[in-house]
Amino acid sequence: MEVYPEKLARFKGIYGYWCKVSFPLNGKRFIGYVPSQLLAMVNIRENNINYLVLVDEYKNNRLTCSLKIIDHFQLIAEHKFEPVTQDVYYPVEKDTTAAFVSAYIDLELFNNKGLEGIDRIARVSTSVGACGVWYGSNIFLLAQNKLIHSMMEEGIVDGGVYNYGYAHLFPEDSLGQKGIVLRNTWHYESAEGDTFADTWHTQVKLQWENLTFKKLDSTYSSKRVNIMEQQTESP
């Protein structure tokens with residue numbers, strides 16, 4: 001795909017840059033041009049249904065995306081969201097809504113992972129590399145493509161001196177109790193040149209009930225660890 005940033009396109013109120021695309025049709029290959037914001041960043045086809053992630057708008061330094069579900073060229077569901085990691089895009093021109101990829105976007109599809117009342121979990125992951133590496137996920141719990149509940153995860157890793165994030169373990173992931181989701185949050189930090197690091201960890205137990213989550217209990221732990229001892233430990 002070739003992008004022509006000097007040629008701004010406007011199509012039905014959608015701003016983008018013309019992208020040169022090549023596609024096969026009836027045994028022939030055709031060349032065409034499409035506004036960038038009409039192109040899916042990710043496309044997964046499963047059971048003749050397409051799951052697409054598209055960029056809808058970049059405005060006021062905020063990015064709006066959508067997860068679109070298409071069956072035989074018919075839009076059957078659309079779920080708009082703001083990615084956890086907003087820095088994955090940046091504007092080409094300050095006076096337009098045009099934007100383009102500056103990092104990583106991915107889509108994964110799962111079964112219900114042990115949660116009743118839903119039949120599909122979709123995870124849109126984003127990340128960007130800087131001094132540290134930001135990453136995050138928007139998680140959609142779906143039933144017949146209808147959005148039942150949404151969740152978020154995020155974190156940052158920076159050169160072995162800082163690590164923070166939170167993520168979820170579903171029943172099938174943790175081999176735990178039916179309907180129980182564990183939300184883990186961790187923190188690791190050390191000063192440059194220091195031989196010790198401060199760490200803490202929390203775990204929240206959530207019960208999936210009546211298509212929503214209810215907090216059951218939580219735990220917290222913290223400790224100061226010797227970095228040098230950790231580096232010399234055998235795997």
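Which residues does Ser190 touch, not counting residues up to four places away in sequence? The first legend answers this for the predicted model shown above.

**Figure 1. Surroundings of Ser190 in the predicted model.** Ser190 sits in the loop between β15 (180-189) and β16 (196-209). Setting aside residues up to four places away in sequence, Ser190 touches Val161, Phe196, Ala197 and Ile227. With a relative accessible area of 11%, Ser190 is buried, because buried means a value under 20%.

**Figure 2. Overview of the whole protein.** The model contains 2 helices and 17 strands. The protein has 235 residues, and 38% of them count as buried. Its exposed area is about 14200 Å², of which carbon and sulfur atoms supply 51%. Among contacts with a separation of 6 or more, 34% are between residues 24 or more positions apart. The structure also holds 9 salt bridges, and some of these are shown in later views.

**Figure 3. Strand β12 and its partner β13.** Strand β12 covers residues 133-143, and strand β13 covers residues 146-158. The two strands run antiparallel and are joined by 11 bridges. One pair to look for is Ile139 and Met151: Met151, in β13, is the bridge partner of Ile139. The hairpin of β12 and β13 has 2 residues between the strands. In this hairpin, Gln144 takes a positive phi near 50°. Of the 11 residues of β12, 8 are buried, so this strand is largely enclosed by the rest of the structure. In a regular strand, side chains alternate between the two faces of the sheet.

**Figure 4. The salt bridge between Glu108 and Arg123.** The side chains of Glu108 and Arg123 meet in a salt bridge, with an N to O distance of 3.8 Å. Glu108 lies in strand β10 (residues 104-110) and Arg123 lies in strand β11 (residues 120-129), so the pair ties together parts that are 15 residues apart in sequence. How accessible are the two partners, Glu108 and Arg123? Glu108 counts as partly exposed, at 32% relative accessibility. Arg123 is buried, with a relative accessible area of 13%.

**Figure 5. The loop residue Asn111.** Asn111 is placed in the loop between β10 and β11. Leaving aside neighbours within four places in sequence, Asn111 is in contact with Asp119, Arg120, Ile121 and Glu172. Glu172 is 61 residues from Asn111 in sequence, while the C-alpha atoms of the two residues are 9.9 Å apart in space. Asn111 is partly exposed, with a relative accessible area of 39%.

**Figure 6. The salt bridge between Arg224 and Asp198.** Arg224 forms a salt bridge with Asp198, and the closest N and O atoms are 2.9 Å apart. The pair links distant parts of the chain: Arg224 is in strand β17 (residues 212-226) and Asp198 is in strand β16, 26 residues apart. Arg224 is partly exposed, with a relative accessible area of 47%. Asp198 is also partly exposed, and its relative accessible area is 40%.

**Figure 7. A network of salt bridges.** Lys68, Glu78 and Lys80 are linked in a network of salt bridges. Within this group, the side chains of Glu78 and Lys80 meet at 3.3 Å, N to O. Glu78 counts as partly exposed, at 34% relative accessibility. Lys80 counts as exposed, at 54% relative accessibility.

**Figure 8. A nonpolar patch on the surface.** Phe23, Leu25 and Phe30 make a nonpolar surface patch of about 260 Å². Leu25 belongs to strand β2 (residues 14-25). With a relative accessible area of 43%, Leu25 is partly exposed.

**Figure 9. Confidence along the chain.** The protein averages a pLDDT of 81, and 77% of the residues score at least 70. Over residues 1-6 the pLDDT is below 50, and this stretch has 15 contacts in the model beyond near neighbours in sequence. Over residues 91-101 the pLDDT stays under 50. For residues 91-101, the model has 26 contacts beyond four places in sequence. Where pLDDT is low, the predicted coordinates should not be read in detail.

Methods. Residues numbered from 1 in each chain as written. Predicted model: local features only at pLDDT ≥ 70, side-chain atom pairs only at ≥ 80, totals over all residues. Heavy atoms only, no water. Patch = residues over 30% accessible without salt bridge, like charges linked within 9 Å, V, L, I, M, F, W, Y side chains within 5 Å. Areas by Shrake-Rupley, 256 points an atom, 1.4 Å probe, with all protein chains shown as cover. Salt bridge = Lys/Arg side-chain N within 4 Å of Asp/Glu carboxyl O. Helix = DSSP H or I, 4+ residues; strand = E, 2+ residues; numbered from the N terminus. Buried < 20%, exposed > 50% of the residue type's maximum accessible area, 1.4 Å probe, protein only. Contact = heavy atoms within 4.5 Å. Pairing = 2+ DSSP bridges. pLDDT = per-residue confidence, 0-100.
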